Amino acid sequence: MASKIAVVTGANKGLGFGIVRELCKRNVEVVYLTSRDIQRGKDAVTSLEKEGYKPKFHQLDVTDEDSVKTFADFVKANHDGLDILINNAGLLDANYYKVSYEDAKKIIDVNVHGKILMQKYFFPLLRDNGRVINISSDWGHIKNIQNKDWVERLTKKDIKLEDVCAFIDWFLNSIKNNTLKKEDFFENTVMAYRVSKVAVFALTRVQQNEVNRGISINSVNPGIVKTSMTHGTGDFTVSEASVTPVFIALDIDQSVKGKFIWYDKTEVDWADHSLNVIVPFEKFEQGLAEVTKS
Ligand SMILES: NC(=O)c1ccc[n+]([C@@H]2O[C@H](COP(=O)([O-])OP(=O)(O)OC[C@H]3O[C@@H](n4cnc5c(N)ncnc54)[C@H](OP(=O)(O)O)[C@@H]3O)[C@@H](O)[C@H]2O)c1
């Protein structure tokens, strides 16, 4: 049997780093730890080598088309396909309470457009029954959006990429034109992140509708994880939080497709607006306050 090949984006630290370690621990033959910064990536590989693992490294900035294409060409030339793609790279709002156009654009470029770029160059390399895991968040559940028209458009079964792009454009234009309405959102904190992660799940559905050859595309909420994104606050260590994404990559039945999977491996209905699954921002704030105190 051919060796299993896995690629993890944004893996020089945090959850991506933990996922690479877990994939290595689970004996996936070829695991690519990728990072936009070469030195940070190589340092991360060195640190895993000290633990006895042997991931490979390649530079990858998910917002840079040349970088994505270069790595895809490299994978194509060196392997006969790809089995697992974990779209992990992500950014959170710089200012939790006030969204700016520049920051929102940056976040959406990494969190959403980065996944679309990865789809363009890496989906053609996926082997039959390959698996893609898009890292999302409870702040990406549809409940985060209160605007009825968008809820309806984003949750329709035959959603298309143009619907996802229109949603993002609506958000960015509303910031630019100062027409953002508080009542359109569940909470007015980390708004660009919430919009980007809602878009990530909508994109997961679009991608699942488009692929064939048995390929599965699922999205996972890892819970609140102690990483630099959360300034070290959270319910889970990186090692704990890496188990479920890798479970989806290796163990879950291949028939599970286009689903929103929770950190406890259960499925949550992303489109069910009546669910109360969103962690209140207040809880995150309390965690931050405790971390700052200690
Ligand atoms: N931590 C949580 O509680 C939590 C909860 C739910 C979901 N998530 C999601 O989990 C994923 C990982 O987050 P984390 O907590 O591990 O955050 P993190 O520690 O801040 O790591 C984020 C990673 O993404 C990389 N990245 C940023 N922009 C990139 C780009 N343009 N191209 C390639 N890589 C890029 C970063 O690289 P640099 O080091 O170069 O910046 C870093 O390696 C994200 O998608 C996040 O939204 C996290």
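What follows is a conversation between a student and a tutor about a predicted model.

Student: Let's start with the whole fold. How many helices and strands does the protein have?

Tutor: There are 9 helices and 8 strands in the protein.

Student: And what makes the protein count as being as compact as a globular protein of its length?

Tutor: Its radius of gyration is 18 Å, and the globule rule gives 19 Å for 294 residues; the two values are close, so the protein is as compact as a globular protein of that length. Along the principal axes, the C-alpha trace spans about 55 × 50 × 35 Å.

Student: Now to the helix pairs. Why is H4 called roughly antiparallel to H6?

Tutor: Helix H4 (residues 101-122) and helix H6 (residues 161-176) pack at about 165°, with 9 Å between their axes. Angles over 145 degrees count as roughly antiparallel, and that makes H4 roughly antiparallel to H6. The crossing of this pair is left-handed.

Student: Which residues make that contact?

Tutor: From H4 come Tyr101, Ala104, Lys105, Ile108 and Val112, and from H6 come Ile168, Phe171, Leu172, Ile175 and Lys176. They divide into 8 nonpolar, no polar and 2 charged residues.

Student: H6 has another partner, H7. How do you know that H6 is roughly antiparallel to H7?

Tutor: By the angle again: the axes of H6 and helix H7 (residues 191-210) cross at roughly 170° and come within 9 Å. Set against the cut-off of over 145 degrees, this makes H6 roughly antiparallel to H7. On the H6 side the contact involves Leu161, Asp163, Val164, Phe167, Ile168 and Phe171, while H7 offers Val195, Ala199, Ala202, Leu203 and Val206. The count there is 10 nonpolar, no polar and 1 charged.

Student: What about H1 and H8: at what angle do they pack?

Tutor: H1 and helix H8 (residues 238-250) pack at about 65°, with their axes 8 Å apart. H1 passes H8 in a right-handed crossing.

Student: Which residues of H1 and H8 meet?

Tutor: In H1 they are Gly14, Leu15, Phe17, Gly18, Ile19, Arg21, Glu22 and Leu23, and in H8 they are Val238, Ser239, Ala241, Ser242, Val243, Pro245 and Val246. This contact divides into 9 nonpolar, 4 polar and 2 charged residues.

Student: Finally, the ligand. Which residues around the ligand are the closest?

Tutor: Of the 30 residues that surround the ligand, the closest are Gly10, Gly14, Ala89, Gly90 and Thr227. The shell divides into 11 nonpolar, 14 polar and 5 charged residues.

Student: Which helix gives the largest share of the shell around the ligand?

Tutor: That is H1, with 3 residues. Both helix H1 (14-25) and H4 supply at least two residues of the shell. Gly14 ties the topics together nicely: Gly14 is among the closest residues to the ligand, and Gly14 also takes part in the contact of H1 with H8.

Technical notes:
Residues are numbered from 1 along each chain as its sequence is written. This is a predicted model: local features need pLDDT of at least 70, side-chain atom pairs count only at pLDDT 80 or more; totals for chains, interfaces and linings use all residues. Axes are lines fitted to C-alpha atoms, for helices over the stretch in contact, and angles run from 0 to 180 degrees between N-to-C directions. Helices (H or I, at least four residues) and strands (E, at least two) are DSSP runs, numbered from the N terminus. Angles under 35 degrees count as roughly parallel, over 145 as roughly antiparallel, 65 to 115 as roughly perpendicular and the rest as oblique. A crossing is left-handed if the near helix is turned anticlockwise from the far one by less than a right angle, and right-handed if clockwise. Two residues are in contact if their C-beta atoms, placed from the backbone, lie within 7 Å. Ala, Val, Leu, Ile, Met, Phe, Trp, Tyr, Cys and Pro count as nonpolar, Asp, Glu, Lys and Arg as charged, and the others, Gly among them, as polar. A residue is near a molecule or strand if its C-beta atom, placed from the backbone, lies within 6 Å of it. The radius of gyration is taken over C-alpha atoms; the globule rule is 2.2 Å times the number of residues to the power 0.38.
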